[in-house]
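Here is a friendly walk through one protein chain, from its rings to its sheet and two of its residues. Please keep the model open beside the text as you read.

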Amino acid sequence: MSNTNESIAWDNVIKKEARGAVDDSDFGEVQELGQNYVQTQKGMVSKEKFYIPKYLVQGFDGSTLWFNASEDQLGGWKRDSPPDYNEYSQQ
C-alpha cells in the first residue's frame, strides 16, 4: 500500500472504493479529485457527496483509497459543492 500522497497514482483512484481506515467505514466511491480534496459519493438513490481533505489520505492499495478518518468524521465533509482552497489547506 502506498503511504504518501506523492506516491499515489491519482488517475487510478477514480471510481474506486473509499474507506476510513480508523474503523473500516464506507466512504463511498471516489468521483473527483480537487487540489485539496477527494470527492466521494455514497448511496444509490439519494446520493450523498463528501469532500474529504486530501491530507487525510493514508494510502491506496489498487482497489481502495484509505483515509485516516472514521465514520464519525464523514458527516462534517458532506456538502453539495466543493470547499474553497483555504478551507482544506493542510492544518
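A charge is said to sit over a ring if NZ of Lys or CZ of Arg is within 6 Å of the ring centre and within 35 degrees of the ring normal. Lys54 meets this description: it lies over the face of Trp10, at 4.6 Å from the ring centre.

Before going further, please note that this is a predicted model, in which local features need pLDDT of at least 70 and side-chain atom pairs count only at pLDDT 80 or more, while totals for chains, interfaces and linings use all residues. Residues are numbered from 1 along each chain as its sequence is written, and side-chain values use heavy atoms, with hydrogens and water left out.

**The chain as a whole**

The secondary structure comes to one helix and six strands; both kinds of element are DSSP runs, numbered from the N terminus, with helices (H or I) of at least four residues and strands (E) of at least two. Read from the N terminus, the order of elements is β-β-β-β-β-β-α. The C-alpha atoms fill a box of roughly 30 × 30 × 25 Å along the principal axes. A compact globule of 91 residues would have a radius of gyration near 12 Å, and the chain agrees with its 12 Å; this radius is taken over C-alpha atoms, and the globule rule is 2.2 Å times the number of residues to the power 0.38.

Of the 91 residues, 40% count as buried, where buried means under 20% relative accessible area, exposed over 50%, and partly exposed in between (1.4 Å probe, protein chains only). Among contacts between residues at least 6 apart in sequence, 52% join residues at least 24 apart; a contact means heavy atoms within 4.5 Å.

**The sheet**

In what order do the six strands of the open sheet lie? The order is 4-3-2-1-6-5, with mixed pairing. Strand 4 and strand 5 (57-60) are the edge strands, each pairing on one side only. Neighbouring strands of this sheet are turned by 35 degrees against each other on average, direction ignored; the axes are lines fitted to C-alpha atoms, for helices over the stretch in contact, and angles run from 0 to 180 degrees between N-to-C directions. Strands of a sheet pair through backbone hydrogen bonds, either parallel or antiparallel. Here two strands count as paired if DSSP finds at least two bridges between them.

Three antiparallel pairs are set out below.

| Strands | Bridges | One bridge pair |
|---|---|---|
| Strand 2 (residues 25-33) and strand 3 | four bridges | Val30 and Thr40 |
| Strand 3 and strand 4 | six bridges | Val38 and Ile52 |
| Strand 5 and strand 6 (residues 64-67) | three bridges | Phe60 and Leu65 |

The connections between these strands are worth a look too. Strand 2 and strand 3 form a hairpin with three residues between them. In the hairpin of strand 3 and strand 4, with five residues between the strands, Gly43 takes a positive phi near 105 degrees. Gly62 takes a positive phi near 105 degrees in the hairpin of strand 5 and strand 6, which has three residues between the strands.

**Strand 3 and its aromatic pair**

Strand 3 is mostly covered, with five of its six residues buried. A search of the whole structure finds two aromatic pairs. One of them is Tyr37 with Tyr51, edge-to-face at 5.2 Å centre to centre and 70 degrees between the planes. Rings of Phe, Tyr and Trp (its six-membered ring) pair if their centres lie within 6.5 Å, and planes under 30 degrees apart count as stacked, over 60 as edge-to-face and the rest as tilted. Tyr37 lies in strand 3 (residues 37-42) and Tyr51 in strand 4 (residues 48-53), so the pair ties together parts that are 14 residues apart in sequence. Both Tyr37 and Tyr51 are buried. Tyr37 also has Pro53 of strand 4 as its bridge partner.

**Two residues in the strands**

Gly20, in strand 1 (residues 17-20), is buried with a relative accessible area of 0%. Not counting residues up to four places away in sequence, Gly20 touches Ser25, Phe27, Trp66, Phe67 and Ala69. Its C-alpha atom is separated by 10.0 Å from that of Thr64, 44 residues apart along the chain.

Asp26, in strand 2, is partly exposed with a relative accessible area of 33%. Leaving aside neighbours within four places in sequence, Asp26 is in contact with Ala18, Arg19, Lys42, Glu71 and Leu74. The C-alpha atoms of Asp26 and Lys42, 16 residues apart along the chain, are separated by 8.3 Å.
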